[in-house]
Number of protein chains: 2
Amino acid sequence: MDDAVADLSQDRPRLGRSSTAERVADILRDRISEGFFRPGQRLSEESISEALGVSRNTLREAFRLLSHERLLDHRLNRGVFVRLPSAADVIDLYRVRRVLEGAAVRRTPPERALALIKETVLDAERAAAQNDWQGVGTANIRFHQALVSMNESPRIDEAMRQLLAELRLVFHVMENPRALHEPFVDRNRILLGLIESGPPEKAAAYLDDYLDHAERLLVHAYGPNR
Amino acid sequence: MDDAVADLSQDRPRLGRSSTAERVADILRDRISEGFFRPGQRLSEESISEALGVSRNTLREAFRLLSHERLLDHRLNRGVFVRLPSAADVIDLYRVRRVLEGAAVRRTPPERALALIKETVLDAERAAAQNDWQGVGTANIRFHQALVSMNESPRIDEAMRQLLAELRLVFHVMENPRALHEPFVDRNRILLGLIESGPPEKAAAYLDDYLDHAERLLVHAYGPNR
DNA sequence: ACGTAAGGATCGTTGAACAATTCGACAAGA
DNA sequence: TCTTGTCGAATTGTTCAACGATCCTTACGT
């Protein structure tokens, strides 16, 4: 009986949830990540609060939340804009990735995480076979989220979630999703192999090259915009 | 003339700063980190908004900011409380530290960061000589902030700032600051030496031991509380 | 010991109001 | 033509008062 009660405590976080502001933030976050709101676009308090049927004050609380996640850019007296990351941002994002993902592949992978990673590799391959490059991008993101989960740290998972959401903004600025994601379908498979069997150093080295490649791709296509 | 104008654009970030909510958040952040508000304490919207002379709505925006930094705990319909980290939180915080600081010491230290680190080592030694253990704690925190700055990533700096603010909450729960900080005055000096001269792997190994030590100290003294 | 009910305190959310700020347009001047 | 000053509309920043919803405590009854 005590066991059952102990299991229950895992559902505890779901209890606290709710609050209009958070639900509004969830909606906006989804809209942003799916590209409905474009990077650089201004979000009007009046029109959105009216469309969602919540008061301006509540909407502002939601805006605050998303600003803190770096998805929105809050400029004083000018309103909030969907964040438009600069080239410097891209470079910094990859610096963080090298740290978080590098630490991950150096650990002995927990079974749980390994299964997750395999799954996302398959997802990417399936999507690629159907020329669904948007889907490949999504699977890619989940692949790296799974990678980082090897660190077994809730805080790192959360940080990675935010980072990838921010990176998705970068993707939305670029056209030609195929060139952006195709090279990494194979690389994911290879990296998985190195994690499973190879020595950690080998996987780490390959990962560094992987990230260099991805960063170069982005920054190159990003140069003109700033 | 154009050159002068270009230089000016560096001051641009300073323009955006302000907004009552952010200033309120700054005040509360300081109060929390100095221990004026104790972990677990409830912060009443009414009394604080009255004391600070701002409206409840504005105060709530500030609360949101600090909740996102994990300094406050926002429980629906019950109000906000100064966060009281659990033992599991402490363990996770140290997992993150191992990743961020470990990556830092493996890099070739930039001159700028090295100077900062030296400074904080001296600060800690000076404070220890005067039996100012609060001061040692502060210097210690700045030492690790400086360590992490070797990563040369604004986002990692920011993450570390938050992490250390959260860790300060843990310190405030414990009595006997001396036992908590004294051992690390010497260890800081040694780690600095290894970073300057030793091979990175040596510094990394010592750092792991350092963090194990610190974590054990905290978790041990923390066990009873939960 | 346990379930229920009542009451008070506090939070969640709203709507309206006004001041502060931005931005574009247009006119005046060099 | 280019710059500068001024005005007004639009939007944000902040406050205030109000009401329903939720939680906590206390008291009561079984």
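**Two protein chains and two DNA strands in a predicted model**

Ser49(A) counts as partly exposed, because 18 C-beta neighbours lie inside 10 Å, and a residue needs 20 or more to be buried. The structure discussed here is a predicted model, and Ser49(A) makes a convenient place to enter it. This serine is found in helix α4 of chain A. Leaving out residues up to four places away in sequence, Ser49(A) touches Val54(A), Ser55(A), Arg56(A) and Leu59(A). Arg60(A) is eleven residues from Ser49(A) along the chain, and the C-alpha atoms of the two are separated by 9.0 Å.

Before going further, it helps to set out chain A as a whole. Chain A contains twelve helices and three strands. Its C-alpha trace spans about 60 × 55 × 30 Å along the principal axes. Of its 226 residues, 32% count as buried. Among contacts between residues at least 6 apart in sequence, 70% join residues that are at least 24 apart.

Confidence in the chain A model can be read from the pLDDT. The average for chain A is 90, and 90% of the residues score at least 70. Among the elements of this chain, α6(A) has the highest mean pLDDT, 97, whereas helix α1 (residues 2-8) has the lowest, 47. Over residues 1-8 of chain A the pLDDT stays under 50, and the model shows zero contacts beyond four places in sequence for them. Residues 12-16 of chain A also have a pLDDT below 50, with two contacts in the model beyond near neighbours in sequence.

Helix α6 of chain A also takes part in a contact between the two protein chains. The axes of α6 (residues 87-105) of chain A and α6 (residues 87-105) of chain B come within 10 Å and cross at roughly 105°. The two helices, α6(A) and α6(B), are therefore roughly perpendicular to each other. Val99(A), Leu100(A), Gly102(A) and Ala103(A) in α6(A) meet Val99(B), Leu100(B), Gly102(B) and Ala103(B) in α6(B). By class, this contact has six nonpolar, two polar and no charged residues.

Another residue of the α6 helix in chain A is Ile91(A). Ile91(A) is partly exposed, because 14 other C-beta atoms lie within 10 Å, and a residue counts as exposed at 12 or fewer. Neighbours within four places in sequence aside, Ile91(A) is in contact with Glu215(A) and Val219(A). Asp26(A), by comparison, is 65 residues from Ile91(A) in sequence and 27 Å from it in space, C-alpha to C-alpha.

Turning to the nucleic acid, both protein chains contribute to the surroundings of each DNA strand. Around DNA strand C there are 17 residues, of which Thr20(A), Ser55(A), Asn57(A), Thr58(A) and Gly79(B) come nearest. Helices α3 (20-33) and α5 (56-68) of chain A, together with α4 (45-52) of chain B, each supply at least two residues of this surface. By class, the surface near strand C has three nonpolar, ten polar and four charged residues.

For DNA strand D, the nearest of the 16 surrounding residues are Gly79(A), Thr20(B), Ser55(B), Asn57(B) and Thr58(B). Here α4 (45-52) of chain A, along with α3 (20-33) and α5 (56-68) of chain B, each supply at least two residues of the surface. The surface near strand D has three nonpolar, ten polar and three charged residues.

Definitions and conventions
Residues are numbered from 1 along each chain as its sequence is written. Chains are lettered from A and ligands numbered from 1 in the order in which they are written. This is a predicted model: local features need pLDDT of at least 70, side-chain atom pairs count only at pLDDT 80 or more; totals for chains, interfaces and linings use all residues. Axes are lines fitted to C-alpha atoms, for helices over the stretch in contact, and angles run from 0 to 180 degrees between N-to-C directions. Helices (H or I, at least four residues) and strands (E, at least two) are DSSP runs, numbered from the N terminus. Angles under 35 degrees count as roughly parallel, over 145 as roughly antiparallel, 65 to 115 as roughly perpendicular and the rest as oblique. Two residues are in contact if their C-beta atoms, placed from the backbone, lie within 7 Å. Ala, Val, Leu, Ile, Met, Phe, Trp, Tyr, Cys and Pro count as nonpolar, Asp, Glu, Lys and Arg as charged, and the others, Gly among them, as polar. A residue is near a molecule or strand if its C-beta atom, placed from the backbone, lies within 6 Å of it. pLDDT is the predictor's confidence in each residue, from 0 to 100.
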